[in-house]
Amino acid sequence: MERIAGLFGGTVPNLYRVLAKSPAALRAFVEMKEALDADGHLSPAEQALVALEVSVQTDCSYCESVFVGRARELGVEDQAIKSICSGETPPAGSRQGLILATRRITQTHGRLGRHEIVEFEEQGLDAAKLLEIITIVSAYTLATYTNNLMRTRIDPEFRLPPDDVCGES
């Protein structure tokens with residue numbers, strides 16, 4: 001837990017505290033995040049948007065708060081965040097393909113048609129990036145299901161104002 005505290009300015013977020021009840025779950029989550037940070041092709045902002053999409057799909061208010069804040073911190077425009085939170089198509093130029101690929105991967109359980117894969121490749125989402133989306137979906141399905149099951153309390157530093165839930169102003 002000291003290593004995790006070091007990553008978060010000396011504190012351990014509640015999600016990690018809850019995951020620590022199962023050392024295997026905690027290790028799996030941490031190792032996936034570390035692999036994405038070390039070897040990922042998607043930018044931190046793109047990773048945050050994929051995680052936000054997973055959070056919205058799994059109805060996890062903890063992760064929604066974390067990733068709305070993280071996306072804003074990384075310069076993602078509010079309209080893109082709002083469109084993800086409302087399930088709408090993000091505006092063109094707002095990493096639209098990334099979000100649509102994430103939605104299709106989760107909706108079809110990874111069974112994209114060849115034509116869809118080609119369309120995503122034309123938008124810059126090659127096989128490596130599509131597999132990375134699946135890795136993020138895996139990591140944040142673990143996190144969101146954990147938060148939903150254990151009713152993880154949102155840490156004060158991740159809380160959004162009441163009128164700003166999932167990007168709504």
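This short presentation covers the aromatic pairs, two helix packings and several individual residues of one structure. Please keep in mind throughout that the model is predicted.

Let me begin with the aromatic residues. A pair of aromatic rings is described by the distance of the centres and the angle of the planes. The structure holds 5 aromatic pairs, and I shall describe two of them in those terms. In the pair of Phe8 and Tyr16, the ring centres are 5.4 Å apart and the planes stand at 55°, so this pair is classed as tilted. The two partners can also be placed by their accessibility. Phe8 has a relative accessibility of 30% and is therefore counted as partly exposed. Tyr16, at 6% relative accessibility, is counted as buried.

The second pair is formed by Phe29 and Tyr140, and its geometry is edge-to-face, with 5.6 Å from centre to centre and 90° between the planes. Which parts of the chain does this pair link? Phe29 belongs to helix H3, residues 23-39, and Tyr140 to helix H9, residues 127-150, so the pair links distant parts of the chain, with the two positions 111 residues apart. Phe29 has a relative accessible area of 1%, which is under 20%, and is therefore buried. Tyr140 is likewise counted as buried, at 7% relative accessibility. The residues of both pairs come together in one aromatic cluster, made up of Phe8, Tyr16, Phe29, Phe67 and Tyr140.

I now turn to helix packing. Two packed helices are described by the angle between their axes and the distance between the axes. My two examples share helix H4, which spans residues 44-57.

The first partner of H4 is H9. The two helices pack at an angle of about 50°, and their axes are 9 Å apart. At that angle, H4 and H9 are therefore oblique to each other. Their crossing is right-handed. On the H4 side, the residues that meet H9 are Gln47, Val50, Ala51, Val54 and Ser55. On the H9 side, they are Glu132, Ile133, Ile136, Val137, Tyr140, Thr141 and Thr144. By class, this contact comprises 7 nonpolar, 4 polar and 1 charged residues. Tyr140 thus appears here as well as in the aromatic cluster.

The second partner of H4 is helix H5, residues 61-73. Here the packing angle is about 155°, with the axes 9 Å apart. H4 and H5 are therefore roughly antiparallel to each other, because an angle over 145 degrees falls in that class. H4 passes H5 in a left-handed crossing. From H4, the contact draws on Pro44, Ala48, Leu49, Ala51, Leu52, Ser55 and Val56. From H5, it draws on Cys63, Glu64, Phe67, Val68, Arg70 and Ala71. These residues divide into 10 nonpolar, 1 polar and 2 charged. Phe67, a member of the aromatic cluster, is one of the H5 residues that meet H4.

Next, two buried residues deserve individual mention. Is Glu53, which lies in helix H4, buried or exposed? With a relative accessibility of 3%, Glu53 counts as buried. When neighbours within four places in sequence are left aside, Glu53 is in contact with Ile84, Ile99, Thr102 and Arg103.

Thr146 is located in helix H9. Thr146 is also buried, with a relative accessible area of 13%. On the same basis, setting aside neighbours within four places in sequence, Thr146 is in contact with Leu15, Val18, Leu19, Arg151 and Thr152. As a further indication of position, Thr146 and Leu100 are 46 residues apart in sequence, and their C-alpha atoms are 25 Å apart in space.

Finally, I come to the backbone of two loop residues. Asp59 has a positive phi of about 55°, although it is not a glycine. Where is Asp59 found? Asp59 is in the loop between H4 and H5, that is, between the two helices that are roughly antiparallel to each other. At 61% relative accessibility, Asp59 counts as exposed.

His109 also has a positive phi of about 55° without being a glycine. His109 is in the loop between helix H7, residues 96-107, and helix H8, residues 114-122. With a relative accessibility of 65%, His109 counts as exposed.

Definitions and conventions. Residues are numbered from 1 along each chain as its sequence is written. This is a predicted model: local features need pLDDT of at least 70, side-chain atom pairs count only at pLDDT 80 or more; totals for chains, interfaces and linings use all residues. Side-chain values use heavy atoms; hydrogens and water are left out. Rings of Phe, Tyr and Trp (its six-membered ring) pair if their centres lie within 6.5 Å; planes under 30 degrees apart count as stacked, over 60 as edge-to-face and the rest as tilted. Buried means under 20% relative accessible area, exposed over 50%, partly exposed in between (1.4 Å probe, protein chains only). Helices (H or I, at least four residues) and strands (E, at least two) are DSSP runs, numbered from the N terminus. Contact means heavy atoms within 4.5 Å. Axes are lines fitted to C-alpha atoms, for helices over the stretch in contact, and angles run from 0 to 180 degrees between N-to-C directions. Angles under 35 degrees count as roughly parallel, over 145 as roughly antiparallel, 65 to 115 as roughly perpendicular and the rest as oblique. A crossing is left-handed if the near helix is turned anticlockwise from the far one by less than a right angle, and right-handed if clockwise. Ala, Val, Leu, Ile, Met, Phe, Trp, Tyr, Cys and Pro count as nonpolar, Asp, Glu, Lys and Arg as charged, and the others, Gly among them, as polar.
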